[in-house]
Amino acid sequence: MEHIYMDHAATTPMDKRVAEAMTPIFVDVFGNPSSVHSFGRTARQYLDGARRTMARSIHADEKEIIFTSGGTEADNLAIIGTALANRHKGNHVITTVQEHHASLHAAQYLEKEGFDVTYLPVDEKGIVSLDKLKDALTDETIVVSIMFVNNETGMIQPVEAIGKLLNDHQAYFHTDAVQAFGLLDINVKQAGIDLLTVSAHKINGPKGIGFLYAADGVSMQTLQFGGEQERKRRPGTENVPAVVGFQKAVELAMENKTERCQTYWRYKEQFIEKLANNGVKFTVNGDLEKSIASIVNISFPGTNVETLLTNFDLDGLAASSGSACTAGSVEPSHVLAAMFGDGDERTTNSIRFSFGLFNTDENVPEAADRVANIVQRLTGGRRQNR
Amino acid sequence: MKNNQDTRVVVGMSGGVDSSVAALLLKEQGYDVVGIFMKNWDDTDEDGVCTATEDFDDVVRVCNQLDIPYFAVNFEKQYWDKVFTYFLDEYKAGRTPNPDVMCNKEIKFKAFLDHAMSLGADYLATGHYAQVRNNNGTFEMLRGADSNKDQTYFLNQLTEDVLERVMFPLGHMTKQEVRAIAEEHGLVTAAKKDSTGICFIGERNFKEFLSEYLPAQPGTMKTLDGVEKGKHDGLMYYTIGQRQGLGIGGSGDPWFVVGKDLEDNVLYVGQGFDNEKLYSNSLIASDVNWINDRTEETFTCTAKFRYRQKDSTVTVTQMANGNVHVAFNEPQRAITPGQAVVFYDGDVCLGGGTIDKVLKHGQQLAYVG
């Protein structure tokens, strides 16, 4: 049985070229970038080069790039770090109900620290409303954190419009672009973004590395204490091999962005079409028109997530419900609950399929066939014999 | 017949040593083994800590040691509706429920069995100490070989069509052997303590737990002759034959609960372990399940009225309404409504029912409910 990976929104396979770029660094470039000798300088060169690549990829300045251990740390730093540093300007933070837990739990932490947090709702298509944001903004608002692309539904949020809206407001605009980066064009200056999160392992890079873009002049408190690395914003000796791998992944992502977008759209359409041709009953959650190429979230009426995912896995197919687990069992998705309301059947019968490097024009239709077989077996009421 | 490697067996794994070894034995026999953890109860405390997380973590570690896939399934809602609601209702009615029997009937060998079948399983296996025997196409349930651990008492509501799809890999073993195998293979659960008490209460104080769900109504404690002996904390906290927690001092024999009056909220007590008020001659049971067809109207067999009790000889008479009348050869002490009566023919478990009424010389003992 061929295993098929359809969970690229969770993590991606590393591109071989990334691994190749990293391999010599581990042994040969071991210097500490902060050291004042040749070994340190060599390491620092790699670090600087990578920082330049990161900056260029989002039209930022290299001084505005802070390497972190990944998306979670970048989100935490952006939200908590800026809120704590700007408390004198106000006590209000705005985010949305459908954020990734790295942002959501950071906002909840701020609530515990006495901040007022507004969690904006989303509509049935999974998109946040500009009017609701306008209504929520006050003179006290210091940070607005709204993700670029939702990780469960793939819905693209109106980031540029939000940036524009906040242009003449004191609040910093943070966006978690973990799912968007590498597929969508991002220009932080044009979009009015003050803080932006990117993670390497979602773009075929190594795990344990990401960056936070923080616009020049953004006042932010560090959450970690130590040396003077990353302009004192993120102390700790830099992970140079990972940074180099990240750089390679970004270069590759920028190189053939359009082509990959087209490929993933083709996969998505093939997948949906094949399900339909197989006579499976399903609906796509959100709005295909406004979704990113790599993610589709599908509801299968009359099923439940746990049974589906277990069956998929036993059939060699990796997908997910996109949501957190407690004691290994799947909780209803907070994103779908935000879209459809608590208790809606779709919160417990929807699966996220996400496309990427692992997929081919052969294994995507094959995956759809496996899904169709399983869904039909489960909803047909037949007791199956393998 | 499928060979073992094409036979998928879903093992219900709790994170304990028994189900770990059950999975190990099946894996060694070459089956296509899938480990599944059931989450039936949300006991997350204020700090977000929940024992289910730790138990699942043990399942993960054992499954990784055995190199079998593992998953979890959530039956919290079904458990609440089918087991916990029953549990509370029985206490409200002044009875002593047996949630383990109900859990096996409604969750483990119904909802969970269905789930296993939906995953293409041929069998569901658990770490219970019981045995399935295929007697020329008739599937019977036998006591576990370890008489000290035999769990057929809790499995009395299983039916033949369920047993046909069930495996009890530990049924022929002793607990000692199971632990030895776990140790020999270095399973991380080898030294894990056996779980005690009712699963959703765990190590917590039973009284405290129950009071979170049912209002306690304190009342008076009396002898059956009407002599007041003190106060009780609420009838639900007491079970027939109980000695602890009565707080009646004085000289003479210790005091025991002999009955309850739900209407007047009175707890009846009597003196002496062998107080004659605790003894009865027969009972009537409802929700009767016969594992294999049982047509004889009256027959003699043995029975247990509590877990781990020695068998007693009884004469069972099936009544028209599906209930059974169970007459004891010897008078029995502290028969408790709500508990299970389970029938045996030698090592074969015939089935069982819920004790509803307790009779003495043909008269219902109104004071025991």
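Q: Before I look at this model, what counts as two residues being in contact?
A: Their C-beta atoms, placed from the backbone, lie within 7 Å. Keep in mind that the model is predicted.

Q: OK, so what does A:V93 touch?
A: Leaving out residues up to four places away in sequence, A:V93 touches A:A83, A:A107, A:L110, A:F115, A:V117, A:I142 and A:V143.

Q: And which residues touch the most other members in the largest nonpolar core?
A: A:V93 is one of them, along with A:F211, A:L212, A:Y213 and A:V243. That core has 110 residues.

Q: Which helix gives the most to this core?
A: Helix 8 of chain A, residues 240-255, with eight residues.

Q: Where does the core lie relative to domain 1 and domain 2 of chain A?
A: Between them, because both domain 1 (4-12 + 256-380) and domain 2 (16-255) give residues to the core.

Q: What other core lies apart from it?
A: One of 100 residues, including B:V10, B:V17, B:V342 and B:V358.

Q: Switching to chain B. How is it divided?
A: Into domain 1 (4-184), domain 2 (216-271) and domain 3 (279-368).

Q: How many residues does the contact between domain 1 and domain 3 of chain B take from each?
A: Domain 1 of chain B puts in 18 residues and domain 3 of chain B puts in 16. The centres of these two domains, taken over C-alpha atoms, are 26 Å apart.

Q: On the domain 1 side, which strand gives the most?
A: Strand 6 of chain B, residues 138-143, which supplies five residues.

Q: What's that side like by class?
A: The side of domain 1 of chain B that touches domain 3 has six nonpolar, seven polar and five charged residues.

Note on methods:
Residues are numbered from 1 along each chain as its sequence is written. Chains are lettered from A and ligands numbered from 1 in the order in which they are written. This is a predicted model: local features need pLDDT of at least 70, side-chain atom pairs count only at pLDDT 80 or more; totals for chains, interfaces and linings use all residues. A nonpolar core is a set of buried Ala, Val, Leu, Ile, Met, Phe, Trp, Tyr and Cys residues joined through C-beta atoms within 7 Å. A residue is buried if 20 or more other C-beta atoms lie within 10 Å of its own, exposed if 12 or fewer, and partly exposed in between; C-beta atoms are placed from the backbone. Helices (H or I, at least four residues) and strands (E, at least two) are DSSP runs, numbered from the N terminus. Domain bounds come from an automatic or database domain assignment. Ala, Val, Leu, Ile, Met, Phe, Trp, Tyr, Cys and Pro count as nonpolar, Asp, Glu, Lys and Arg as charged, and the others, Gly among them, as polar.
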